[in-house]
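This report describes one serine and its surroundings, and then the aromatic ring pairs. The structure is shown below.

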Amino acid sequence: MEMDGSSEAAALELFDVGPCEEPFRLGYLVGRKFSSMIRSRAAADLALQRQLLPFARTPQAEPLIQAICSANRQRFPAHWEELLGTAEGSGVPVLHIILLNFRKEILPFIPKEETTPQKEAAADDDDDDDCDDCSDVLVVNDCMAIAAHNEDANTALLGHTYLVRARLPNGASFTAYTYAGELPSCAFGFNSNGVAFTLNSVPPRLEEMIAGGIGRNLISRDLLEATSLEDALDRICSCNTAVGHSYNLVDVISRRILNVETASKNRFSIHEVGKTPFFHANMYLHLEVKQVQDENSISRQRRAAQLSAESKSAVLSILGDSADEKYPIYMTGPTLYTLCTALIDVDERTVSILQCNPKKGDVSYVLPIC
């Protein structure tokens with residue numbers, strides 16, 4: 001399932017798993033199924049190889065990694081066991097799997113050494129290795145209720161994603177777009193209770209972060225088991241997250257879509273989506289947080305405001321727009337690439353996944369939500 005930047009689409013495999021009485025078993029089966037892909041991703045992940053692993057071998061990394069492990073294992077013991085199972089099943093060292101899942105909670109705290117211009121340039125390249133951007137268009141009106149999402153990531157992740165459809169012991173199930181080696185899902189997912197979500201990375205400044213807090217991958221994994229919109233909000237807002245995130249929550253039962261922005265110290269802000277189309281890139285829009293200014297996000301936000309979102313096809317055209325050559329909404333490299341587009345249709349209760357420019361309308365999967 002390898003794919004290079006010139007390829008428009010590759011088969012996105014869906015793995016049915018469960019029910020498993022033990023969370024470790026669930027992770028183990030996913031890890032075993034995609035072991036070659038997980039090993040390939042770990043070997044090719046430059047943020048892991050150039051930054052995270054070298055830092056993990058230093059004395060100053062030990063208290064941070066121990067704090068992260070302790071806090072997250074205590075808060076989410078079942079999901080932690082699933083993570084360990086993924087490592088066991090894939091044959092990838094546990095430390096590597098931990099670093100992949102908590103890269104956003106570790107990278108900001110890696111000391112910045114004094115650098116020569118050459119080293120500084122290399123450091124900038126390393127920063128690019130872990131950059132990711134996503135774009136969402138959300139709207140709820142009399143004619144439609146949809147959440148459309150571009151899943152953007154480093155080009156190294158091409159060919160290193162899969163879908164996990166898991167049945168749980170309690171009879172519920174979830175489906176999650178998953179990065180190889182990471183818990184489902186750091187991208188988008190939904191469950192049989194009618195709850196769906198997409199995610200946007202946001203960039204709080206270092207002083208807005210907490211070292212050793214709860215990781216976003218664990219929170220989004222927990223979100224896959226939400227029983228209602230209110231339960232989903234509680235799962236998001238009750239965690240002492242280390243950094244910050246933006247969650248687009250969809251409830252097909254109540255026909256509601258919420259954007260929830262979070263930051264450390266249990267800070268959050270909720271925006272209810274209505275008739276006015278709501279575009280979210282990778283900047284905080286309504287939670288007051290000191291953040292890094294991201295020209296990529298600002299440009300995408302500005303461009304989206306110029307485009308119509310009066311229909312589903314128009315929304316998909318927004319996500320397929322590449323008029324801005326430097327910062328397009330739909331990305332095709334050289335660093336960032338739109339891996340796929342997800343269209344959550346609340347009224348049809350489906351999630352459609354498109355693996356080429358969404359303007360073309362070529363759908364790879366149409367999955368029922370509940």
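The text that follows treats a predicted model, with the serine taken up before the rings.

**Ser246 and its surroundings**

S246 lies in strand β8, which spans residues 245-251. S246 has a relative accessible area of 0%; because the cut-off for buried is under 20%, S246 counts as buried. Its side chain makes a polar contact with the side chain of H280, at 3.3 Å. H280 also appears among the residues in contact with S246 once neighbours within four places in sequence are left aside. The others in that list are T198, L199, N200 and V202, together with N259, V260 and E261.

**Aromatic pairs**

The count of aromatic pairs comes to five. Two of them are set out here, including the distance between ring centres and the angle between planes.

| Pair | Centre distance | Plane angle | Arrangement |
|---|---|---|---|
| F34 and Y162 | 3.7 Å | 0° | stacked |
| Y177 and Y179 | 6.4 Å | 75° | edge-to-face |

The planes of F34 and Y162 are at 0°, so this pair is stacked. The pair links distant parts of the chain, with the two positions 128 residues apart in sequence numbering. F34 sits in the loop between α1 (23-33) and α2 (35-44), whereas Y162 belongs to strand β4, residues 161-167. Both residues, F34 and Y162, are buried. They form one aromatic cluster together with F15.

For Y177 and Y179 the planes are at 75°, so the pair is edge-to-face. Y177 and Y179 are both buried as well.

Technical notes: Residues numbered from 1 in each chain as written. Predicted model: local features only at pLDDT ≥ 70, side-chain atom pairs only at ≥ 80, totals over all residues. Heavy atoms only, no water. Helix = DSSP H or I, 4+ residues; strand = E, 2+ residues; numbered from the N terminus. Buried < 20%, exposed > 50% of the residue type's maximum accessible area, 1.4 Å probe, protein only. Polar contact = N/O pair within 3.5 Å; in protein donor to acceptor, adjacent residues only side chain to side chain. Contact = heavy atoms within 4.5 Å. Phe/Tyr/Trp six-rings, centres within 6.5 Å; stacked < 30°, edge-to-face > 60°.
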